[in-house]
Amino acid sequence: MHAVDGVSFDLDEGEALGLAGESGCGKTTTALSLMRLLPYNGKIVSGSILFRGRDLVKVSDLRIRKIRWKEISIIFQGAMNSLNPVRNIGQQIAEPIILHEKVDEDEATNRVGELLELVGINRDRRRDFPHEFSGGMRQRVMIAMALACNPKIVIADEPVTALDVMIQAQILELLERLRKELHLSMILISHDLSVMAETCEKVAIMYGGKMMEVGKTVDVFTDPKHPYTQGLVAAFPDIRGQRTMPASIPGDVPSLINPPSGCVFHPRCKFAFDRCTAAEPALAEVTPGRRAACFLYPGVPEVTPRPMTVEAR
Amino acid sequence: MRAVDGVSFDVKRGEVFCLVGESGCGKTTTGKALLRLVDATEGDVFFELPTEEYRRYEELRAGRAPDAAARIDAIRRKYSFSWTEQLAWDTRQILFWLGAVAAAFVLGVGLPALAAAGIPGALVNTGFILGASLLCGLLLGVIGSLPPTRPSARTPTVLALLSILAFNLFPIVAALGWPATLPGAPFDAPGIWATVWGASSFAMLLGVIVAPIAAGAASKIVLARRRETEGLLGVKMRTLRRRLHLIFQDPYESLNPKQSVFEIVSEPLVVNKIAHDPEEIAALVARSLEDAGLRPASEFVFRFPHELSGGQRQRVSIAAALALEPDFIVADEPVSMLDVSIRTEILQLMMDLREKRGLTYLFITHDLGLAWILADRIAVMYLGKIVEQGTAEQVISHPKHPYTQALISVVPSPDPRHLVKRTILKGERPDAVNIPSGCRFHPRCPVAFERCGWSADEVAEELTSLSSGGRLPGIIGIEAQDSRAVTLRMAPGVSAGVAAATLRQIVSENRDSRLALKGVAEIRESGDAIQVTLQSWAEPPLIELGPGNAVACHLVTPPAEAVPAVTA
């Protein structure tokens with residue numbers, strides 16, 4: 001089964017990219033592939049991840065270990081469950097520092113204090129255990145942990161899901177500030193488009209493991225090209241707008257085990273025509289700086305069918 | 001700890017009422033208290049309260065009529081389902097019923113005994129036995145239905161059956177009590193029983209018929225009386241549960257994975273004895289499922305929750321809630337776990353059902369955007385209190401309370417062109433165990449001022465932070481003395497006068513950046529220390545700005561005459 005297929009994007013230094021889509025559309029899988037952290041039953045079958053001229057898919061396990069956390073780090077989904085409950089947070093943040101930077105414990109402790117203050121937690125709280133923190137605070141700890149080794153890219157996987165609106169705003173503000181201060185590149189994964197509207201320069205919309213549309217945030221939100229993006233943008237209630245029920249996209253997310261033929265979105269698409277069921281559109285430029293995978297736009301090529309790869313576990 | 005305190009609102013028939021607030025502010029607790037899934041310690045939940053009764057209730061509460069308490073209780077007894085005094089039935093009423101039993105005793109036993117004095121022979125036994133059966137029946141029927149028992153629809157039947165047993169045990173108990181009746185014979189319970197049945201089998205047979213009839217009838221009469229006086233309680237609450245329903249937050253957790261869709265939806269029908277006939281149940285289940293948008297129903301009934309998508313699961317939850325045709329539904333974050341593209345469909349479905357079945361919703365959500373599109377009226381809660389209440393336009397478009405304003409400002413806008421200035425509150429909501437004094441919101445409020453309830457601890461903390469920043473030279477000890485005063489001690493050799501003057505200046509300079517300093521009323525030197533007294537404060541009452549629109553904030557001035565504040 002192809003959980004993620006035909007995903008392609010680029011990220012400049014200091015840029016924030018939003019990866020949006022419904023649950024089960026492959027956002028997290030994409031993120032984990034970037035760090036080569038896929039579980040044992042997952043595999044990158046083909047493709048390349050170019051990071052500073054190096055293809056991360058091809059480098060050895062030993063090398064990728066050096067890159068992980070030091071160059072690319074991740075804020076895992078679900079701050080509630082990602083921290084080890086039996087170790088205090090200072091130890092947990094210090095762990096990657098000691099592993100990667102070959103520093104002694106005192107220096108690591110010092111760095112932990114700096115990191116905690118960076119994310120707005122008193123440095124004296126490093127001896128506290130995860131259960132002593134609230135949800136928002138734990139998320140801050142996760143962010144401190146991701147920043148432990150001064151990475152270049154931080155992947156934030158649903159950093160504000162399950163948090164209150166106010167805490168959500170606090171965390172987003174913090175991420176935004178850190179990005180500016182530390183010149184980070186960031187990949188923000190979320191199912192909530194409105195979170196991206198305010199933080200990311202670029203967004204990529206995913207559906208059914210495929211990329212539907214990539215472009216500048218403002219453009220994508222104001223003039224969505226792909227019917228799925230149009231549906232998503234229309235599905236958000238706007239508190240500053242009219243009191244009308246937002247539009248919905250009828251139907252359910254397709255199963256990835258048995259994906260629909262042709263374009264994955266065609267069973268829910270109101271513009272679908274015969275070509276959509278027969279062939280799969282590739283991600284192509286539809287207007288300058290904007291790529292979409294939809295046959296509604298002339299010049300969108302078909303995906304050349306790939307021979308089915310059979311993997312032995 | 002009070003999770004919810006002083007919350008009062010009314011939901012009109014056919015309305016969507018939204019409770020909005022951060023997690024832990026007591027929204028869900030309020031919702032559950034409404035359905036009596038948790039019992040409120042005090043206060044009332046009225047259901048189907050006629051408007052004139054409600055007006056009377058309000059008048060009685062506001063006025064000082066001498067018999068107000070009793071009259072309020074009369075209304076509460078009738079319409080409130082958090083009326084908890086049902087267990088303490090009036091002693092007078094209990095005495096009345098026991099008197100009735102005594103009368104029955106006289107009729108049942110006394111009359112045959114009287115007759116026995118006149119007519120000798122077999123009839124005496126018959127009379128005694130019939131009297132005993134009547135006595136057993138009435139005693140059981142009355143006592144078994146009086147408080148503190150919690151009656152159900154089955155109570156009379158159970159009591160009738162029990163009375164047969166009691167009647168059969170009666171001769172044995174009698175023999176135990178008066179062994180003289182069987183002189184010399186060893187006590188032998190089955191023997192006594194057999195003797196009595198053998199000696200007067202016709203009378204015993206009659207007794208077996210009379211006792212359950214008496215018990216059932218007495219129980220029914222007492223229960224009918226209770227229902228009248230206790231209003232919604234006891235017997236009626238169970239039937240009321242059919243009309244009030246809950247849709248849970250998480251469709252992945254709230255459905256039993258071992259039950260099929262059919263079992264989930266039919267369970268309320270079976271439990272509440274709405275239908276017995278399997279075909280009828282199947283038809284009702286199919287109808288609920290189709291109403292909830294699972295068409296054709298036949299395709300879904302035999303599926304299990306893991307075979308459904310998130311949206312379909314939530315539809316099953318809705319179908320189960322609809323099966324009993326409720327009037328009032330508490331929807332606790334029904335779409336927060338669903339994907340955006342599915343969310344609208346579920347909301348649309350809920351709104352369609354409101355039209356179709358005349359439902360009333362209490363919608364609990366943390367998402368102001370949802371409240372905006374759905375609600376007729378909104379109440380914003382903070383730490384267990386309502387801070388603002390009004391129609392959706394009033395609350396969302398013209399928020400008055402600083403908390404509501406901040407909440408609205410942080411709702412992300414899906415349109416990147418409309419960036420608004422966000423007011424991000426500091427910190428997190430305080431623990432409900434340790435509620436701030438005065439206005440609960442003041443420690444996080446961006447516009448808090450003197451009257452909002454600064455406590456000595458907060459002021460001392462702010463002064464300590466100034467002092468540790470080196471802004472208060474010569475002061476070495478800062479201590480909250482009691483709730484209204486802070487004592488500052490000086491380093492040796494520093495004069496109190498000079499230190500107090502510096503302090504005054506620092507406080508007045510930093511009042512706007514460190515709001516807690518606004519709580520300082522007076523700085524005065526007393527001997528070798530400086531005494532800081534705090535402003536007096538008051539908890540802001542919910543001020544009525546118009547019909548149905550109320551705000552609890554000191555910054556809001558009531559429209560006409562000043563409402564007296566509750567001073568602490």
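**Around B:Val380 and helix α13**

In this predicted model, B:Val380 keeps plenty of company: leaving aside residues up to four places away in sequence, B:Val380 touches B:Val20, B:Gly21, B:Ile386, B:Val387, B:Glu388, B:Val395, B:His401, B:Tyr403 and B:Thr404. B:Val380 also belongs to the largest nonpolar core, which has 193 residues. Along with A:Ile155, A:Ile187, B:Cys18, B:Ala319, B:Phe363 and B:Val459, B:Val380 is one of those touching the most other members. Apart from that core lies another, made of 26 residues, including B:Ile129, B:Ala132, B:Cys136 and B:Leu140.

Next up is helix α13 of chain B, which runs over residues 340-357. With 18 residues, α13(B) reaches 26 Å from its first C-alpha to its last, close to the 26 Å expected. Quite a few of its residues are buried, among them B:Val340, B:Ile342, B:Ile346, B:Leu347 and B:Met350, but also B:Arg343 and B:Glu345. What do the buried residues of α13(B) pack against? Within chain B, the partners are α12 (310-322), β3 (328-332), β4 (360-365) and α14 (368-374), and chain A adds α10 (227-234). Just after the helix comes B:Gly358, with a positive phi near 65 degrees.

Then there is the contact between the two chains, which takes 36 residues from chain B and 40 residues from chain A. On the chain B side, the elements giving two or more residues are α13, α14, α15 (392-397) and α16 (402-410). Of these, α13(B) gives the most, with 7 residues. By type, the chain B side splits into 18 nonpolar, 10 polar and 8 charged residues.

Note on methods:
Residues numbered from 1 in each chain as written. Chains lettered and ligands numbered in written order. Predicted model: local features only at pLDDT ≥ 70, side-chain atom pairs only at ≥ 80, totals over all residues. Helix = DSSP H or I, 4+ residues; strand = E, 2+ residues; numbered from the N terminus. Expected span 1.5 Å × (residues − 1). Buried ≥ 20, exposed ≤ 12 C-beta atoms within 10 Å, placed from the backbone. Contact = placed C-beta atoms within 7 Å. Nonpolar A, V, L, I, M, F, W, Y, C, P; charged D, E, K, R; others polar. Core = buried A, V, L, I, M, F, W, Y, C linked by C-beta atoms within 7 Å.
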